[in-house]
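Reader: I have a few "how do you know" questions about this model. Can we take them one by one?

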Number of protein chains: 2
Amino acid sequence: MTKLGPKLDTRIQKKNRAAILSAGLMVFSQFGFRGSTLDLVAEEAGLSKPNLLYYFRSKDAIYTALLAKLLEDWLEPLREINADGDPVEELLAYSKRKLDMSQHYPRESRLFANEIIQGAPRIGDVLRGELRELVDEIAVVINGWAAAGRINKVDPYHLIFSIWAQTQHYADFDVQVRAILGKTDPFDGAEHHLEAMLRGLLTP
Amino acid sequence: MTKLGPKLDTRIQKKNRAAILSAGLMVFSQFGFRGSTLDLVAEEAGLSKPNLLYYFRSKDAIYTALLAKLLEDWLEPLREINADGDPVEELLAYSKRKLDMSQHYPRESRLFANEIIQGAPRIGDVLRGELRELVDEIAVVINGWAAAGRINKVDPYHLIFSIWAQTQHYADFDVQVRAILGKTDPFDGAEHHLEAMLRGLLTP
DNA sequence: TAATAATTTGACCAACTGGTCAAAGCCACG
DNA sequence: CGTGGCTTTGACCAGTTGGTCAAATTATTA
């Protein structure tokens, strides 16, 4: 039998692991991996630094755990697009899902943005593999819709990019958006605008 | 007479200051302020660290100099929108300018993105001041166009956000875009897609 | 070319970095 | 309640960080 280390499912383990991941999300999403320090994460989590490292092997392990969890949530909405549904409604629903994620999980969005801006050193493979395959599949679906005359002809890749860009903008550039809008809630108008834009582009 | 320090306009000064700013742009745009080190900047610039600090007081001074220069270039395209021009063409031309900046100055775009994502600690005032005023002015112009029936009714703020989001996406998320497109040049299709989207939204 | 000013550097510093470790504290269960 | 394992911590470490400084080197110019 190999040494398994401490039990992994105790009450305290669960609580502290969750606290560390939450704190890590806060810190890493603001400063990126290199700009973050274990001391910051520890303080945010309310634990001592050695105690952090009792639950996670290293700074890298915390970051990697966060990224792994994030990538699942990130790819899922794409998979929910239904080739047999109404094209415009499917794409609108997808945009809505992404916009909701920006509204309710802005730190996750910024964590992802930081990782990409810095060259995606840890998730480049996923981007070039799983993500690319998924997008290729959706592109086929969208092209099919266009060929059937159900939506206008559009470049499916740039269509997807534009949805990503517009929805994530509200999370990643939150500070700028709020600086300009003042007290107005960004998400009030965002959904309506995005819908108008997509309908204008797609409706034959 | 106050001591003025060394002459500021010599050949060597010009060359080395330019090299430092160029290196700083490279490093800061990839890692953000906190994630960057003077050693990295120095190596990139081909100078020793103490020599860097002969030309700039501090790490902060390099970063601030870059941001100041950037903000000018950033606000200028907005000012070029002509209220007396053709509405759709003016907005398309603005989008084109922004897209060109993403194509030719991606590091500037990422430097800006990093600063915003991290909460805009140094340019928050500019965002809430100069930028907001500028956008407010453009919003009046766009509302005027809509009231005159020359374009569809749109929320001018979200329209501007969507242009920013889509154009900057190609610089900030460059790695992801290229991961998905493979060898295809992103900017080939981007302009056409953006134009189609804006025409669909704006054309009455 | 001599001397004055501009530039560059090696040695150094205190604070901070990610990470280790043995010892102490705490908790659940017999 | 006590004991064995889970949890926490203070002290510590080597490498890195932004930054300083006097001395050495190189350019400029009288």
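Author: Start with a cut-off: buried means under 20% relative accessible area, exposed means over 50%, and partly exposed lies in between. Keep in mind that the model is predicted.

Reader: Why is B:Pro106 called partly exposed?

Author: Its relative accessibility is 26%. Partly exposed covers the range between under 20% and over 50%. Therefore B:Pro106 counts as partly exposed.

Reader: Where does B:Pro106 lie, and what is it in contact with?

Author: B:Pro106 lies in helix H6 of chain B, residues 106-117. Leaving aside neighbours within four places in sequence, B:Pro106 is in contact with B:Met101 and B:Ala171. B:Ala171 is 65 residues from B:Pro106 in sequence, yet the C-alpha atoms are 4.7 Å apart.

Reader: What makes the span of helix H5 of chain A close to the expected one?

Author: The helix runs over residues 87-104, which is 18 residues. The expected span is 1.5 Å times one less than the number of residues. That gives an expected 26 Å, and H5(A) reaches 26 Å from its first C-alpha to its last.

Reader: Which residues of H5(A) are buried, and what covers them?

Author: Among the buried ones are A:Val88, A:Leu91, A:Leu92, A:Tyr94, A:Leu99 and A:Met101. A:Glu90 and A:Lys98 are also on the list. The cover includes helices H4, H6, H7, H8 and H10 of chain A.

Reader: How many helices and strands does chain A have?

Author: Ten helices and zero strands. Of the 204 residues of chain A, 51% count as buried.

Reader: What makes A:Arg11 a polar contact of DNA strand C?

Author: The cut-off is a pair of N or O atoms within 3.5 Å. A side-chain N or O atom of A:Arg11 is 2.8 Å from a phosphate oxygen of DNA strand C. That pair therefore meets the polar contact cut-off. At A:Lys59 a backbone N or O atom lies 2.7 Å from a phosphate oxygen of the strand. For B:Tyr54 the side chain is used, at 3.1 Å.

Reader: How many residues surround DNA strand C, and which part of the strand do they come within 4 Å of?

Author: 20 residues surround the strand, and the closest include A:Arg11, A:Lys59 and B:Tyr55. Sugar and phosphate account for 64% of the strand's atoms that come within 4 Å of the protein.

Reader: Which helix gives the most to that surface, and what classes of residue are there?

Author: H3(B) gives the most, with four residues. By class, the surface has seven nonpolar, eight polar and five charged residues.

Methods
Residues numbered from 1 in each chain as written. Chains lettered and ligands numbered in written order. Predicted model: local features only at pLDDT ≥ 70, side-chain atom pairs only at ≥ 80, totals over all residues. Heavy atoms only, no water. Near = heavy atom within 4 Å. Polar contact = N/O pair within 3.5 Å; in protein donor to acceptor, adjacent residues only side chain to side chain. Helix = DSSP H or I, 4+ residues; strand = E, 2+ residues; numbered from the N terminus. Nonpolar A, V, L, I, M, F, W, Y, C, P; charged D, E, K, R; others polar. Buried < 20%, exposed > 50% of the residue type's maximum accessible area, 1.4 Å probe, protein only. Contact = heavy atoms within 4.5 Å.
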